[in-house]
Amino acid sequence: MKTAQTSGSLPISGSVLFVDVAIIELLGSEAAQKCAAELTAEADAVRVVSRSNGSDTVPQRRRRAADGTGAPIVLLIEDTTRLVPGWAAAICDAFSDPNVVAAYGAIQVAPGLAPRYRALGRLEYGRFDGTSAVDHLPGNAFAVRLADLHQTLEPAEGIVEHDLERRLIKRGGNIRRVPALTAIYARPDPQGARLATRFGHGRIYGADRDGSRALGVVKAGLAMPVLSLRALRAARSAGPVRQWLPEVPWIVAMATAWALGELAGQIAGKGNS
């Protein structure tokens with residue numbers, strides 16, 4: 001783990017709420033350091049959590065970030081992402097409510113990205129664009145209260161956002177969407193946009209799904225049209241036809257890869273994904 005400093009401190013209601021800001025490295029050290037430079041405008045310090053070896057996964061890096069802090073709250077942000085100004089005060093305000101266990105904001109996709117990466121952004125974050133009443137944790141930027149996380153997950157268990165959310169809610173936790181925590185998916189992710197990666201992520205999701213396997217297989221069969229239509233809706237609402245039309249082939253291809261992975265996960269488990 002590369003550590004720039006320790007925990008950042010953010011003021012809250014006349015006192016100090018200690019929030020650790022941890023950047024999860026996906027793209028490499030250069031992108032992570034750019035992300036760190038942007039965040040230090042509002043935080044005293046940030047950490048960059050790097051790959052520790054070739055098989056180190058994003059959920060494992062998130063968990064190392066959480067376990068590596070003494071602060072009560074940690075903001076986990078991927079180096080693909082920027083936060084709009086005012087995010088620090090928004091976190092302080094959200095967690096001043098002791099019932100809030102996690103917080104996040106709407107996700108925008110930067111229009112300057114190439115169509116392939118905008119398509120990835122629509123598929124990953126189209127449902128978080130702020131146009132619908134969705135209360136789910138997006139994987140690229142969210143804050144979580146450490147005490148609740150440690151009570152929810154087993155020691156050394158990786159942090160998978162949809163699984164963490166489900167388990168926090170089951171324990172009675174309040175997950176809050178905060179408008180001022182809006183994040184921008186702003187840097188291209190070549191690894192994330194690979195069809196093999198989409199298949200692997202879909203397989204993990206399918207393997208973790210609760211309930212009847214038969215129902216899970218049916219849902220996996222519906223995943224491609226559901227994901228494609230959701231991403232297309234987000235693309236159409238974000239700009240003119242000439243901007244979103246080049247995204248369509250990539251949306252369909254990536255959604256198909258995810259759906260096949262989800263089906264494999266339901267039938268055969270996570271495998272090596």
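This text walks through a pocket, a surface patch and a strand residue of a predicted model.

Begin with the second largest pocket, whose volume is about 180 Å³. Its lining is made up of Ile107, Gln108, Val109, Gly121, Arg122, Tyr125, Gly126, Asp129, Thr131, Ala234, Ser237 and Ala238. Two or more of these lining residues come from each of β7 (107–109), α4 (115–125) and α8. By character, the lining of the second largest pocket splits into five nonpolar, five polar and two charged residues.

Helix α8 spans residues 213–238 and also holds Leu215. Leu215 is one of the residues of a nonpolar patch on the surface, together with Val218, Leu222 and Val226. The patch covers about 350 Å². How buried or exposed is Leu215? Its relative accessibility is 46%, so Leu215 counts as partly exposed. The reasoning rests on two cut-offs: a residue is buried under 20% relative accessible area and exposed over 50%, and partly exposed in between.

The last stop is strand β2, residues 15–24, where Phe18 is found. Phe18 has a relative accessibility of 44% and therefore counts as partly exposed. Which distance separates Phe18 from Ile73 in space? From C-alpha to C-alpha, Phe18 and Ile73 are 6.8 Å apart, although 55 residues apart in sequence.

Conventions:
Residues numbered from 1 in each chain as written. Predicted model: local features only at pLDDT ≥ 70, side-chain atom pairs only at ≥ 80, totals over all residues. Heavy atoms only, no water. Patch = residues over 30% accessible without salt bridge, like charges linked within 9 Å, V, L, I, M, F, W, Y side chains within 5 Å. Areas by Shrake-Rupley, 256 points an atom, 1.4 Å probe, with all protein chains shown as cover. Salt bridge = Lys/Arg side-chain N within 4 Å of Asp/Glu carboxyl O. Helix = DSSP H or I, 4+ residues; strand = E, 2+ residues; numbered from the N terminus. Buried < 20%, exposed > 50% of the residue type's maximum accessible area, 1.4 Å probe, protein only. 1 Å grid on protein atoms, 1.4 Å probe; cavity = no way out; pocket = protein on both sides within 12 Å on 5 of 7 lines; lining within 4 Å. Points joined across faces, edges and corners; volume = space filled by probe spheres on them. Nonpolar A, V, L, I, M, F, W, Y, C, P; charged D, E, K, R; others polar.
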